[in-house]
Each structure stands twice: as C-alpha cells, then as structure tokens.
Amino acid sequence: MHGPLLAWYDRNKRDLPWRRTRDPYAIWLSEVMLQQTQVATVIPYWERFLARFPTVKALAAAPLDDVLSGWKGLGYYTRARNLHRAAQEVVERFGGKFPATAEELITLPGFGRYTAGAVASIAFGEPAPIVDGNVARVLSRLFEVEGLPGDRDREATLWALATALVQGERPGDFNQALMEHGATTCRPESPLCLLCPVRDGCFAYRKGRVDELPPAKVRAAPRKLFLALAVWPHAGTLLFARRADKGLFGGLWELPAVEVEEETSEADATQRLSTTLGAALTLEGTLDSVRRQLTHRDLTLRLLRVSGGPRPTHSTAFQELRWCTPQEAEALGMSTAMQRALDAALGHGVMASEAPVAPAKKAPGRGRKATER
DNA sequence: AAATCGTGGGA
DNA sequence: TTCCCAAGATT
C-alpha cells in the first residue's frame, strides 16, 4: 500500500503553503499550529506569524507578549508558549541549528511523538512514524484495529503499523499521504471509498465496517464557568490584567476577571472584583453577557461597568496590570472570548460614557450606540 | 492516566 | 441553535 498511496498523494495533494518550503522552522510552525486545528484556519496565521518571526532566532529573541499576540485567536495558547521556549532551546542547546532527528526533537517543549516524527520525516527525510487523528482512522480501517481512542493496546498497534509502513521511499511524503488521505478521502463521516487508492487492501471496506471504525471518542459534557469582568474606564483607557500562566487562557490578557457562581449577584461580583483589585469599586451598570462554547467549558462572561479608586497598577491576584487604550489593547495576547467581551464593551460606548477628559477623545467606532441597561 | 486546554466550520 | 470535532501535548 506504500506505492499506491504515494502515487495517489502525488496526484491529489492540496497545494498548502507549508508544502512549498523545506525550512524546518516553517514546517515545525505548521505542525504546531495544525494540532487540533483545521487547515483553513491555520493558513493565514502561519503566513502572518512567519512574516513576523521569519527565523527560529527571530522567534527566540522576541518577547513572549509578541508571540502570544501573534497567536491571538488560534487557541490552545500553551502551544505558543512552548513554541517560544523551544525556539530559545534551539538557539541555546543547538546553536540555532534545528535538530534533525526525532530523538532530539522530542526533547524540546511542545514536541510529542507526533510532532517529532512529523518534523523529522517531512523536513529531514527520516523514516520516523507519525500517528495523528487522520492516521489513526486510516490505519484502523485498513487493518481493522479495534479499541477506543486512548486505549493503550490500540495506540501501540497503530504506532507499530505506522513504524513498519513508513520504511521506504520518501518517508515525509508518505506520512503526509496518510494524513491527506484521512483528511480528504478516508474522512470521519461519509468516506469516499470509491475514490480510495488502497480500497482493495482495506479490511473494514471488505467487511462493510468502514462506518463503525474507529469508534467515536466519548466526550464529557462541558462544565459551566462564570466570570465577572471589570470594565473600568479611565482617561481613555481600560484596565487589563494578565492571567496566570497555567490553566485556561494562561498568560493571556483580559478585562480583570473573577470566577463567580451563576447565582452571584452583581453587587457581590463587584465586591469580589474590589477585593481582588484592591480598590473600592462602584457598579455603574451592566452590559449583556458574552457566551462562548469551548470544548470543555460553557463560558459566560458577565460585564460589569465600574468606577472607583485608587486605580491599581499591580495586584497579587494577577501577574500584571495595565491601563490601555483600545488601540493599545489590540496588541495584547487575548482569547477570542475576551476579545468578544471587549468589543461588546467598546461597542456599547463605555469609553464615551466616561466623564470626558480634556481634550475629549472619541470612542472607537464599533457601530452600535450605547444601549446600556 | 484521565483531564485539561480553544476555535471556527460544517452537519 | 446545537452539536461535533480537527495535523496533540502536558500533567
């Protein structure tokens, strides 16, 4: 099946930007961005990021804030943090020369077995195996591998198969052929078996089990999470805070937030924010909540417009505090959820409703008039 | 080793 | 609207 699949790949592969380069750094970047993320989403991010950080040395030398800003909106932000750390290790441990073997690569932050094998095979031609979601699905069907995703025996079988299959011509292209086949033909729903180049050897196809392999993974119901956000305008700025490195949205900026319960009153939430920020806050009004559905979280952001003092510049509850104009805030690493909340606040005229500071600044035109309730 | 970590697109 | 989930790594 090695030959037919490779031939199919040569005829049918998509023209993706990272397939036009042999730069290990650029290929690595694509692999990290593609983790749990769809190709169409990654393409513009990859091009922008590469223009901003053209080499591993440039990335290593950049401030983490710039890296997180470049990752803004892509999700799984630990990837950006690990990418940055790994770039610095490439410079320090390997003299800026990208390590060429899976064995070395896997010692870098953010490199697991998959990413190490992908970079080693695609960028350096090492016959290193990979098993991602696509490959797992393709091999499960071809060889009728049983077991749920995550099952130890199943994973071991898949890696053993991938290891055996990648020995041969053009290991990087073969690995990509496996993935490409899984992404476009041997896809999860309604696979296109009539177009499959290796149908004759597929056990699941012969037995009519294509639709039942592999079994879908069981997913826990998302838990609810309520955050109360302080929308605190002053002199054309808003207060922003940097979250802890670990956990949800780690290291990203936000409108200062505290976790609350669904039934927590606005007054109590304001009090919690006062304590957290070390300031006496007055609730001036509320804005519509912003809801976001994450894989594991059902997120509700409750926006509280507040005033008060003294205005803090640091806090024990946050890594860092900063008063930023809306324009300055655009350069902060921020989750999409928080970006939506910020856009909502600005769109409702929270800057304009502030007592004007001479000379009066115009609120950014976000469309809607203030409809504060 | 089961849980955690985001997002946008498609059904 | 709601649900599902895609080129995984980390603890």
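Select the protein residues near DNA strand C in this predicted model. They divide into nine nonpolar, nine polar and seven charged. Of these 25 residues, L34, G110, T115, D132 and N134 come nearest to the strand. On the DNA side, sugar and phosphate make up 68% of the strand C atoms that come within 4 Å of the protein.

Next, colour α8 (113-124) and α9 (133-142); each supplies at least two residues of the surface near DNA strand C.

Now show individual atoms at three places along the strand:

- W18: a polar side-chain atom is 3.4 Å from a base nitrogen of DNA strand C.
- G112: a backbone N or O atom is 2.9 Å from a phosphate oxygen of DNA strand C.
- D132: a polar side-chain atom is 2.6 Å from a sugar or linking oxygen of DNA strand C.

Then hide the DNA and colour chain A by domain, with domain 1 at 1-207 and domain 2 at 223-348. Their C-alpha centres are 36 Å apart. Seven residues from domain 1 and 17 residues from domain 2 take part in the contact.

Move to the interior. Select W28, F49, W71 and F240, which have the most contacts inside the largest nonpolar core, a set of 101 residues. Domain 1 (1-207) and domain 2 (223-348) each contribute at least three residues to this core. A second core, separate and with 18 residues, includes V260, A269, A279 and F318.

Centre on F49. Beyond its neighbours within four places in sequence, F49 is in contact with Y25, L29, M33, L59, V67, G70, W71 and L83.

Two cis peptide bonds come next. Select L213 and P214, whose bond has omega near -10 degrees. P214 sits in the loop between α12 (203-206) and β1 (223-231). Then select G309 and P310, also joined by a cis peptide bond, with omega about -5 degrees. P310 belongs to the loop between β8 (297-309) and β9 (320-324).

Finish with two residues that have unusual backbone angles for discussion. Q36, not a glycine, has a positive phi of about 60 degrees. Look for Q36 in the loop between α2 (24-33) and α3 (39-52). F249 is not a glycine either, and its phi is positive at about 55 degrees. F249 is in the loop between β3 (237-242) and β4 (253-254).

Are these two side chains buried or exposed? Q36 is exposed, with a relative accessible area of 67%. F249 is buried, at 14%.

Definitions and conventions
Residues are numbered from 1 along each chain as its sequence is written. Chains are lettered from A and ligands numbered from 1 in the order in which they are written. This is a predicted model: local features need pLDDT of at least 70, side-chain atom pairs count only at pLDDT 80 or more; totals for chains, interfaces and linings use all residues. Side-chain values use heavy atoms; hydrogens and water are left out. A residue is near a molecule or strand if one of its heavy atoms lies within 4 Å of it. A polar contact is a pair of N or O atoms within 3.5 Å; within protein, one must be able to donate a hydrogen and the other to accept it, and residues adjacent in sequence count only if both atoms are side-chain atoms. Helices (H or I, at least four residues) and strands (E, at least two) are DSSP runs, numbered from the N terminus. Ala, Val, Leu, Ile, Met, Phe, Trp, Tyr, Cys and Pro count as nonpolar, Asp, Glu, Lys and Arg as charged, and the others, Gly among them, as polar. A nonpolar core is a set of buried Ala, Val, Leu, Ile, Met, Phe, Trp, Tyr and Cys residues joined through side-chain atoms within 4.5 Å. Buried means under 20% relative accessible area, exposed over 50%, partly exposed in between (1.4 Å probe, protein chains only). Domain bounds come from an automatic or database domain assignment. Contact means heavy atoms within 4.5 Å.
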